[in-house]
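Here are my notes on the model, set out as numbered points so that each can be checked against the coordinates. The salt bridges come first, and the sheet, the cysteines and the annotated domain follow.

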Amino acid sequence: MATVTAENSNLVKFSDRLKHGRALAEDVWSIYNAANLPADCINLGQGYMNFAPPEWVTNAAKEALGVVAANHYSHPKGRIRLRQALKKVYDPQLKRNLDVEKEILVTSGANEGQYAVFTAFLEPGDEVIMFEPFFDQYLASVTFNGGIPVYVPLHPPANATGQFSSEEWKINPDELRSAITPRTKMIIVNTPHNPVGKVFTRAELEIIAALAKEHNLLVMSDEVYDTLVFDGKEHVRIATLPGMWDRTVTVGSAGKSFAATGWRVGWLFGPEYIIKPTLAATTRIVFCSNSPLQEAAAAGLEQVQERKFFETQTAEYAERRAVLTSCFDSLGLPYTNPEGSYFILLDVSRVKFPDDYPFPPSVLGRGRDFKACWFIAIEIGVSSIPVSEFYCIEHANIGEVYARFAFCKDLDTLMHASERLEKLKQYIV
Ligand code: GLN
């Protein structure tokens, strides 16, 4: 008898909402998970740090565990201490006097917050515009909620050699305009951008804002890397552009801000009529976020200004970025120098590997970049993420030129990784 699988079962059919191309495929985070790679492989793949959150933040977490109430449910809006701390930090940045009861929502990581926005606002068949490449989670989160993703390209510079700035990945305003239809409900903006590292300029955001206003669209602005912007580049929040607060939900994350990606504490800001339906959704998805780590995130935000924490942290990340960029300069391959976030895209199209290399089944049948990343992980000992995962199936060939390397690691690890990556030279043709 044939094995019953999720795909062929007549008895228990899974929902059509899970039938977009990759929904049941193993995702890159699982394939390139440290657990699947040799133990001594240096992980520059999935974007998480190999260093601890600041001690004064983890101490606050430990302290919270000692407080009975902090071990129990929070209000679904989030703990009041965290909402007040968010107000303190974000009021000046959003140029608002945020209402902690109506305009701030704590979520179980930024992903869950965004999922809740889709649940709250999408009708079946609503179109959601995203710039491609896009953080892979958007695709599934949109389609699981009945939405239809519509892709607008971010164009890399033609014929790049060596280093080029993430700024050179450009949107074409005409392509954005022509992607809008009567079914368009929402545009997702991601700045600083994962995986490109692009920090959208004010002029680019003004173009997006004008179209959102003209066509009455909701904007979801994923700004989880907002504390990681380099070289004095201005991080513009689209919610602060004229008339845009009214139609924007801004997304943030403790994971990126405090090196605590596993804490799953994120937040949303927006007008009451965006936050209230989203609160209804998040209340049914998770009820509330974990309490002790909300207290710790609050303690973190309360102290960032006096400790100049984000300024120091950004400078440390700039140093980390420099270790990898000098390694890539020496390899002589084209790569994007990111203005924000902690990712570098390296063009691996000239890295050659044998066709009959023993690739695992999860990698076969995917883009060339899946093989290149696997080969580099095994032969060189440094893992990365294949970028075609950040493209829809139809456009995957555009992304398969790149491997994404994360530099949210301590300097020693990055230097060690660079030494290993030097050995890539023997495979470059
Ligand atoms: N945001 C992180 C990255 O891009 C991790 C995403 C995830 O594991 N879902 O690496």
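**Notes on the predicted model**

1. R183 and D126 form a salt bridge in which the closest N and O atoms are 3.1 Å apart. The two residues belong to distant parts of the chain, 57 residues apart: R183 sits in the loop between helix 6 (173-179) and strand 7, whereas D126 sits in the loop between helix 4 (109-121) and strand 3. Their surroundings can be given as well, since R183 is partly exposed, with a relative accessible area of 38%, while D126 is buried at 7%. Please keep in mind throughout that this is a predicted model, and that every distance and area quoted here is computed from it.

2. A second pair deserves a look beside that one, namely E339 and K233, whose side chains meet in a salt bridge with an N to O distance of 2.7 Å. This pair also links distant parts of the chain, with the two positions 106 residues apart: E339 is in the loop between strand 11 (335-337) and strand 12 (343-347), and K233 is in the loop between strand 8 and strand 9. On the acidic side of the pair, E339 is buried, with a relative accessible area of 6%.

3. How many salt bridges does the structure hold? The count is 19, and it helps to recall that side chains of opposite charge can pair when their charged atoms come close. Another individual pair is E422 with K425, where the closest N and O atoms are 3.0 Å apart; here E422 is partly exposed at 31% relative accessibility, and K425 is partly exposed too, with a relative accessible area of 40%. Beyond such pairs, R79, R81, E295 and E302 are linked in a network of salt bridges.

4. Turning to the sheet, 8 strands form an open arrangement with mixed pairing, in the order 2-10-9-8-7-3-4-6. Strand 2 (104-107) and strand 6 (170-171) stand at its edges, and because each has a single partner strand, one side of each is left without a neighbour in the sheet. The partner of strand 2 is reached through 4 bridges in the antiparallel sense, which join strand 2 to strand 10 (residues 266-269); within this pairing, the bridge partner of V106 in strand 10 is W267.

5. Which strands does helix 5 touch where it packs on the sheet? Helix 5 (residues 137-144) touches strand 3 (127-132), strand 4 (148-155), strand 7 (184-190) and strand 8 (218-222), and its direction makes about 155 degrees with that of strand 4. Helix 9 (residues 272-285) also packs on the sheet, touching strand 2, strand 8, strand 9 (248-253) and strand 10, with a direction at about 25 degrees to that of strand 2.

6. Strand 15 (residues 402-406) is mostly covered, since 5 of its 5 residues are buried. Y402, R404 and A406 point one way from the strand and A403 and F405 point the other way, and the residues on both sides are buried. Strand 15 runs antiparallel to strand 12, to which 5 bridges join it, and F343 stands opposite A406. Strand 14 (residues 385-386) is likewise antiparallel to strand 15, with 2 bridges between them, and here the bridge partner of P386 is A403.

7. The disulfide count comes to 0. For C408 the reason can be stated, because its sulfur is 14 Å from the closest cysteine sulfur, in C41, which is too far for a bond. C408 is buried at 0% relative accessibility, and C288 is buried as well, with a relative accessible area of 14%.

8. E204 lies in helix 7 (residues 202-214) and counts as buried, at 9% relative accessibility. Leaving aside its neighbours within four places in sequence, E204 is in contact with W169, K170, I171 and K198.

9. As for annotation, an unreviewed UniProt entry lists residues 40-366 as "domain: Aminotransferase class I/classII large". In the model, the end C-alpha atoms of this span lie 25 Å apart, and the span is 38% helix and 17% strand.

Conventions:
Residues numbered from 1 in each chain as written. Predicted model: local features only at pLDDT ≥ 70, side-chain atom pairs only at ≥ 80, totals over all residues. Heavy atoms only, no water. Pairing = 2+ DSSP bridges. Contact = heavy atoms within 4.5 Å. Axes fitted to C-alpha atoms, helices over the stretch in contact; angles between N-to-C directions. Salt bridge = Lys/Arg side-chain N within 4 Å of Asp/Glu carboxyl O. Buried < 20%, exposed > 50% of the residue type's maximum accessible area, 1.4 Å probe, protein only. Disulfide = S-S within 2.5 Å. UniProt positions renumbered as here; feature names shortened; annotations may be inferred.
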